[in-house]
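Reader: Could you go through the side-chain interactions in this one with me, taking the rings, the charges and the polar residues in turn?

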Amino acid sequence: MDFGLMLSSHGWKSPGYYYNGNYNPSAEEKPDKPSSGYTSDNKCTPYYLNIPVHIGYKFSVGRNVSLFVNAGPYFNIGLFGKAKETIAANNGTVTTKEKAGNVFSDKMLNRFDWGLGFRAGTEITRHIQLSIGYDWGMKNINKSGVDSKNRTFVASCAYMF
């Protein structure tokens, strides 16, 4: 049985999308986008308390070296994070706007996430673990309706007392 607590960042960045045509801002939005062509880059860096609960198997391959594999559910609790948008107009002006000071309390992302995880690695002298793995999110974390799930490659180093 493998259980842990980790601080993890599940950040993402969307490349610039080119918009051509007239931009019509909503009533509550400031008209900071140009009225003709522009590109828009978005970046988000949410941080989570990650709680994996995995079951696995460890087998010895030498006197002080073991290999292990484990899998099981994980649970994420959103702590903090920011989101920003960078707008570059065709005329060369660039504007950066903060979309959320805290992506969870500003209701941009769901605070809770869950999914399935897998790890494989080595344990040296019963104190040091090196592992790689993958977490496959099952819950849509985006509150705007766009389907967005955490898919995360994991590399870790642990010292066990």
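Author: What follows is a short conversation about aromatic pairs, salt bridges, polar contacts and cysteines. The model is a predicted one, in which local features need pLDDT of at least 70 and side-chain atom pairs count only at pLDDT 80 or more, while totals for chains, interfaces and linings use all residues. Residues are numbered from 1 along each chain as its sequence is written, and side-chain values use heavy atoms, with hydrogens and water left out.

Reader: Let's start with the rings, then: how many aromatic pairs are there?

Author: There are four aromatic pairs, where rings of Phe, Tyr and Trp (its six-membered ring) pair if their centres lie within 6.5 Å, and planes under 30 degrees apart count as stacked, over 60 as edge-to-face and the rest as tilted. One of them is Y48 with F104, which is edge-to-face because the ring centres are 5.3 Å apart and the planes stand at 70°.

Reader: And where do Y48 and F104 lie in the chain?

Author: Y48 is in strand 4 (residues 38-60), whereas F104 is in the loop between strand 6 (94-100) and strand 7 (112-124), so the pair ties together parts 56 residues apart in sequence. Strands here are DSSP runs of E with at least two residues, numbered from the N terminus.

Reader: Are those two rings buried or exposed?

Author: Y48 is buried at 0% relative accessible area, and F104 is buried too, at 4%; buried means under 20%, exposed over 50% and partly exposed in between, with a 1.4 Å probe and protein chains only. Another aromatic pair, Y57 with F59, is stacked, with 5.8 Å from centre to centre and 25° between the planes. There Y57 is exposed at 55% and F59 partly exposed at 36%.

Reader: Switching to charges, how many salt bridges does the search find?

Author: The search of the whole structure finds two, a salt bridge being a side-chain nitrogen of Lys or Arg within 4 Å of a carboxyl oxygen of Asp or Glu. E123 and K58 form one of them, at 3.0 Å from N to O, and this pair links strand 7 with strand 4 across 65 residues. E123 is buried at 6%, while K58 is partly exposed at 45%.

Reader: Which residues make the other bridge, and where are they?

Author: R119 and D135 meet in a salt bridge, also at 3.0 Å from N to O. R119 lies in strand 7 and D135 in strand 8 (residues 128-137), so this pair ties together parts that are 16 residues apart. Both R119 and D135 are buried.

Reader: What about N76, which side chain does it join in a polar contact?

Author: The side chain of N76 has a polar contact of 2.6 Å with that of N50, meaning a pair of N or O atoms within 3.5 Å; within protein, one must be able to donate a hydrogen and the other to accept it, and residues adjacent in sequence count only if both atoms are side-chain atoms. N76 sits in strand 5 (residues 65-89) and is buried at 1%. Leaving aside neighbours within four places in sequence, N76 is in contact (heavy atoms within 4.5 Å) with residues including H10, Y48, N50 and N150.

Reader: Last topic: how many disulfides are there?

Author: The count is zero, taking a disulfide as a pair of cysteine sulfur atoms within 2.5 Å. C44 is buried at 0%, whereas C157 is exposed at 61%.

Terms used:
Helix = DSSP H or I, 4+ residues; strand = E, 2+ residues; numbered from the N terminus.
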